[in-house]
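I set out to look up selected residues, metal sites and nonpolar cores in this model. My entries follow in the order in which I made them.

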Amino acid sequence: MNSRAVFLDRDGTINEDVGYPANAGDLILLPGSAGAIRALNQQGLKVIVISNQSGIGRGLFGHAEVDNLNLDLNERLKAQGAWIDAFYYCPHAPAADGEPVCDCRKPGTGLFDRAADELAIELRLSFMVGDKLSDISAGASCGCRTVLLGNDELFETAPRYRPDCRVPGLTAAVEWILSQIGKKPD
Ligand SMILES: [Mg+2]
Ligand SMILES: [Zn+2]
């Protein structure tokens, strides 16, 4: 039986979005991130990061930096009893007009489809949490329920991208997700 997952954007959702983070020193966990992810782990939900890392395509850093930062992130979470089950990222830079040139850069759904195949995930039972409209659009396009973090301005100006839920941060997002599937945090 395919399982339910919670997809998380990385920068601005789990850790501070410092703009093309490349080193462990750039990794600042947002308050409550570890506890929120731990609550998902404890419910047996797969937790999967889906991230645009166009810094690679822009020549700012390589795959090794992204892989190492993801390892560091998981070490930091594991020290607090939480973990990410899998990381997927798009390494491509968009075209000059901002449009994706690949199917894996959010709002494209290529990485969601890959995760669904490789990890036996039912997208329609799953959730996507992020701080940008591209996160919401990508999640909604593949049938996930969506949660937008913060971002009043984006929310007011782009009503066609209405997420299913909008909350200030990951802690409240996880509370909502668990309530949607009839679970309470342990
Ligand atoms: Mg983000
Ligand atoms: Zn891509």
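**Entry 1: Pro91**

I began with Pro91, which is placed in the loop between β3 (86-90) and α3 (110-119); helices (H or I, at least four residues) and strands (E, at least two) are DSSP runs, numbered from the N terminus. I noted that the model is predicted, that local features need pLDDT of at least 70 and side-chain atom pairs pLDDT 80 or more, while totals for chains, interfaces and linings use all residues. Residues are numbered from 1 along each chain as its sequence is written, chains are lettered from A and ligands numbered from 1 in the order in which they are written, and side-chain values use heavy atoms, with hydrogens and water left out.

Is Pro91 buried or exposed? I found a relative accessible area of 15%, so Pro91 is buried; buried means under 20% relative accessible area, exposed over 50% and partly exposed in between, with a 1.4 Å probe and protein chains only. Leaving aside neighbours within four places in sequence, I listed Gln53, Ser54, Ile56, Gly57 and His63 as its contacts, where contact means heavy atoms within 4.5 Å. From C-alpha to C-alpha, Pro91 and Leu111 are 11 Å apart in space and 20 residues apart in sequence.

**Entry 2: the zinc site**

Which residues are the protein donors of the zinc ion (ligand 2)? I recorded Cys90 (SG), His92 (ND1), Cys102 (SG) and Cys104 (SG), at 2.0 to 2.3 Å from the ion. Donors are N, O and S atoms within 2.8 Å of the metal (3.2 Å for Na, K and Ca); water is not among the atoms, so sites may look incomplete. The donor residues follow the spacing C-x1-H-x9-C-x1-C in sequence.

The angles among the four donor atoms are 101 to 117°, and the zinc site is tetrahedral, a label that four donors receive if all angles lie between 85 and 135 degrees. For reference, the ideal angle for four tetrahedral donors is 109.5 degrees. I then compared two of the donors: Cys90 is buried at 0% relative accessible area, whereas His92 is partly exposed at 33%.

**Entry 3: the magnesium site and Asp11**

For the magnesium ion (ligand 1), I found the protein donors Asp9 (OD), Asp11 (O) and Asp131 (OD), at 2.1 to 2.2 Å. Their spacing in sequence is D-x1-D-x119-D.

I looked further at Asp11, which sits in the loop between β1 and α1 and is buried, with a relative accessible area of 10%. The side chain of Asp11 makes polar contacts with the side chains of Arg10 at 2.8 Å and Asn15 at 2.9 Å. A polar contact is a pair of N or O atoms within 3.5 Å; within protein, one must be able to donate a hydrogen and the other to accept it, and residues adjacent in sequence count only if both atoms are side-chain atoms. Beyond four places in sequence, Asp11 is in contact with Asp17, Pro21, Gln53 and Asp131.

**Entry 4: Ser33 and the cores**

Ser33 belongs to helix α1 (residues 33-42) and is buried at 1% relative accessibility. I saw that its side chain reaches the backbone oxygen of Ile14 at 2.6 Å. Ser33 is also in contact with Thr13, Ile14 and Leu170, neighbours within four places in sequence aside.

How many residues has the largest nonpolar core? I noted 31 residues, with Ile14, Ile37, Val129, Val147 and Leu170 having the most contacts inside it. Such a core is a set of buried Ala, Val, Leu, Ile, Met, Phe, Trp, Tyr and Cys residues joined through side-chain atoms within 4.5 Å. The largest share of this core, six residues, comes from α6. Apart from it lies another core, of 18 residues, among them Ile50, Ala86, Cys104 and Ala138.

**Entry 5: an aromatic pair**

I counted two aromatic pairs; rings of Phe, Tyr and Trp (its six-membered ring) pair if their centres lie within 6.5 Å, with planes under 30 degrees apart stacked, over 60 edge-to-face and the rest tilted. The ring centres of Phe127 and Trp176 are 6.0 Å apart with planes at 90°, so this pair is edge-to-face. Because Phe127 lies in strand β4 (residues 127-130) and Trp176 in helix α6 (residues 170-180), the pair ties together parts that are 49 residues apart in sequence.

Conventions
Tetrahedral: all angles 85-135°; square planar, octahedral: opposite > 155°, others 65-115°.
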